[in-house]
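Work through the following exercises with the sequence and the structure open beside you. Try each task before you read its solution.

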Amino acid sequence: MDTKELLAQMQQAGVDTFVLTDINSTAACLNFVRIAHKFNIKPVLGIDFRNGADQLFIAIARNNKGFEELNKYLSQYLHSGEEIPSRAPRFKYAYVVYPFQKYTGFKLKKLEFIGVKPSDLPRLIYPPHQMDKEKLVVLQTVTFLSKIDKDTGKRVVRKRDFNAHRLLRAIDNNTLLSMLQKSEEGSSDDFLYPLKELKQLYRDYPYMLTNTEKLISDCSIHFDFEGEKLNKNLKFFYETQEKDYEVLERLCKEGLPYRYKNPAPEIEKRIKTELDVIKQQGFMSYFLINWRLCQYAREKGYFYVGRGSGANSVVAYLLRITDVDPIELDLYFERFINLYRQNPPDFDVDFSWKDREDITEFIFEEFQRNKGGNVALLATYSTFQFRAVVREIGKVLGLPPHEIDHIQSANRSELDDIHKLVLRYGQYIQGFPSHLSIHAGGILISEKPLHYYTATDMPPKGFPTTHFDMIIAEDIGLYKFDILSQRGLGKIKDSLEVIERNHPKDEKIDIHDISRFKEDEKVKDMLREGKAIGCFYVESPAMRMLLKKLRVDEYLGLVAASSVIRPGVAKSGMMRQCILRFREPYRRKEAHPILREIMPETYGVMVYQEDVIKVAHYFADLTLGEADVLRRGMSGKYRSREEFQKVRDKYFKNCAKKGHDYTLAADVWRQIESFAGYAFAKGHSASYAVESYQSLFLKAYYPLEYMVATMNNGGGFYRVELYAHEAYMHGGDIQPPCVNQSEYLCTIYGKTIYMGLAFISELEKITAEEILVERIENGAFMSFDNFLKRVNISLEQLSLLIRIGAFRFTGQTKKELLWEAHFQLGNHKKTNPVKLLFDPEVKRFALPPLSYDPLEDAFDQIDLLGFPLQNPFDLLKEPFIEGEILVRDMNMYQNKTVKMVGYLVHIKNTNTSGGKKMQFGTWLDREGYFIDSTHFPPVAAKYPFRGKGIYELTGKIVEEFDFLSLELISMRKLQYVHDPRYAEEPRHATMGLESA
């Protein structure tokens, strides 16, 4: 049960104080303390220390120092993975309670006691259990809720709770429920008693009740959850706040000439305003920490993008945390910081996925203070999802996989009792915490050691991780630094290196010359036409569609498009309104005058997060503080909090006062509600647009090199295959891996691109590295025999290289090479390279002519690369479809039903407002150009996708704002020719060759 339900149950049971002691965890502690007072309950914190399910002792914090002491002790064992000793150390500020059944007569320390359960009471009168009465306390563990049995009138465990617990224990132990050992489950007596009943059970042992009450009354815990001291982040970057401000001011002055050669008075005024607010709010260290880690990144040559609402700040721009000029974009500083805001501002800093690990290590080393322990990764909790928990419950109940699949797809009336039981407990367990995970990029840097607030785990990443998530962290006043990773930056950095290698005489590109990229005509044309495959944030089908409809060709338009494309804006209907008002100017007057005045750039349409603040402030007269509560609430962070409800009520009340019609006020509220949780801050969108421009420029002038870098960074929105295709469309010659030409990743020579050895499925990294090291040290391989004499390789790994064509330089066919490989390796597991002065000839046998079909290469490539390096349409059993049209013909067939043939690239599944499934498809036609299809619910249900491949598509061509798409009526998957590697069969495939 969650914390609120537990407190409500305790209140109902008449309890006014209790100790929360989760097993080897402090995850619920802070939230418990935060809300306990609402239930008139005094909170006390502790930890139930166990090795697996074996309970050792319970430790109870006397105060905050005691809680820190316990957190340190537990973390020590969670980090090392060692077993916790059965005897507790001598805690200074915590009590220890040993379970009665674990006590063996050892001498108890001053703060140590023995906990007696109701079931232990009969044994107290017998030696050796006659113990010091002052050391005995009540120990009633509450794992389950209870009820009164109708037949016996006795209090018993609530069956559903106990059964769910047993199922979870079986899942955790990966065992059948029938095989679960009793020692691995809790006692069915560990349930909640009403306080009066519990005291009645111990009526013959009043001293025990007295001891317990005395122990509990000595314990208290307090954390600040509101007020001026809420910010618990690292207070000072240097020794004092004054020193921090002095440095921050100096850094702004030093950064001014870099950003503004001739700063206007308005810039100087904006800097002073921001610095004054930052000083007043005490956020200097927050800016300086971000400045330092960005400075370190530049020292190491790492690319990064500072985004989030932090990009609204000119101070962040001067400190080079962000690359977005907030003056140029008229960014709303109050979205970033205002005097009503208690929490520090938002900086999200993206690094390349290759560099983030080092940045994280730097943070842990650089920002430790005093004795350390004040830096940790932020946790998140994965919860049981319904389908997953049904599968797990089915497994522990011994059901075969096909039955579990049947449970998830069948109607309830078709299920037997066991199946219904699985569903019933699946619904009950759904949403329970499953396991601790790591937040995508959150790092905490606190003033106090983090063990003051939580114990820490040590996941495989090797950095201490809290037991609480972002919401609890913010409740206590700990605000995360977002250190995120993305592949887009890796693509840009690698592109520059590939370009320099392939075009050494070309002028070096200044990738930070964004003003040049904004004015480049090639880049503008790519934006207008949506030709941005591989480019950061603008390559998805939806973004290509939006760019073409908006005809975006300038920076501000791209900034707006980056936020308009977000799900909430589309859901609110505002994306369509934005396009309409952009394309048809007469519609702009449809916006309310106040909204049009607030948001002139977007014609009165809310596009950015700060638009919520503006509308709430100017349209509904909410204060900036209230408007920020509204924005955060819409983001889901406070959607259930009372303060959010109060602000909502005030919004409508103020709108009525201002004379706004209720229908208008409700419509504006709907717009706010539907998109504020998804829309970007304008500065965030602007940061993304900068990276988009960098990648667009690289693709415009060096498309092949940019595609090589894209493939080497794992692709982007699409699979690697599409980027190989895009390189082909720009004149590239895409070659399979070769032991003499390929590197570990893709490489380019002129216009020839060799796929990397890393792209061969199941080829081991150690094999690829050995080939490359040998080639670098001793030159290219002269023949197949020469390769076998020089490289230590197994027959299995060698076969992969042969099948992909990595030895085609020898002139021998694959079948000949496979025969030779089997002959030379014979029964040996691996080759045995020996360095010889001379290269003796290997005995050869004459092989009869072996059949070869060019299509064999395509099918080998599909197996080993995941896609063919030739036109997939050459593999069709039906080479041509009667009446088929191509993408270049679509304009002539608007509003007509046509047939097209498409190679499937991407599927987007979504739901209509009525909850029905619909889909969008992205395809390539025979000539390699994009087809976009819309599958409305009836069609999506009748004609489902049937995996990768080529489909015949029948539909109506529709046009909206110059964007052509296919409204699907039907589709069928077309068959490939029979795989020639396995059998001969008559087939028709052109292979792109003319018939003789």
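Three exercises follow, each with a worked solution, and they concern a predicted model.

**Exercise 1. A barrel and its strands**

Find the order in which the strands of the closed barrel run, and then describe how β18, β19, β20 and β21 are paired.

Solution. Begin with the whole barrel, which is closed, has five strands in the order β17-β18-β19-β21-β20, and shows mixed pairing. From one strand to the next, the twist averages 50°.

Next, take the pairs one at a time. Strand β18, residues 917-924, runs antiparallel to strand β19, residues 930-935, and six bridges join the two; in this pair, Gly921 stands opposite Ser933 of β19. Strand β19 also pairs with strand β21, residues 963-973, but here the sense is parallel and there are two bridges, with Glu967 in β21 as the bridge partner of Thr934.

Finally, strand β20, residues 950-960, pairs with β21 in the antiparallel sense over ten bridges, and Glu960 has Phe963 in β21 as its bridge partner. These two strands form a hairpin with two residues between them, where Phe961 takes a positive phi near 55°.

**Exercise 2. Two packed helices**

Decide how helix α20 is oriented relative to helix α21, and identify which residues meet where they pack.

Solution. Two packed helices are described by the angle between their axes and the distance between those axes. For helix α20, residues 541-550, and helix α21, residues 555-564, the angle is about 135° and the axes are 11 Å apart. Because an angle between 115 and 145 degrees falls in none of the parallel, antiparallel or perpendicular ranges, α20 is oblique to α21. The crossing of the two helices is right-handed.

Now turn to the side of each helix that takes part. From α20 come Met543, Leu546, Leu547 and Leu550, and they meet Leu558, Ala561, Ser562 and Val564 of α21. Sorted by character, the residues of this contact comprise seven nonpolar, one polar and no charged.

**Exercise 3. A histidine in a helix**

Is His684 buried or exposed, and which residues, beyond its neighbours within four places in sequence, is His684 in contact with?

Solution. First locate the residue: His684 lies in helix α29, which spans residues 682-701. Its relative accessibility is 6%, and since buried means under 20%, His684 counts as buried. Then look at the surroundings, where, leaving aside neighbours within four places in sequence, His684 is in contact with Arg307, Gly308, Ala311 and Asp348.

Conventions:
Residues numbered from 1 in each chain as written. Predicted model: local features only at pLDDT ≥ 70, side-chain atom pairs only at ≥ 80, totals over all residues. Heavy atoms only, no water. Pairing = 2+ DSSP bridges. Helix = DSSP H or I, 4+ residues; strand = E, 2+ residues; numbered from the N terminus. Axes fitted to C-alpha atoms, helices over the stretch in contact; angles between N-to-C directions. Parallel < 35°, antiparallel > 145°, perpendicular 65-115°, else oblique. Left-handed = near helix turned anticlockwise from the far one by under 90°. Contact = heavy atoms within 4.5 Å. Nonpolar A, V, L, I, M, F, W, Y, C, P; charged D, E, K, R; others polar. Buried < 20%, exposed > 50% of the residue type's maximum accessible area, 1.4 Å probe, protein only.
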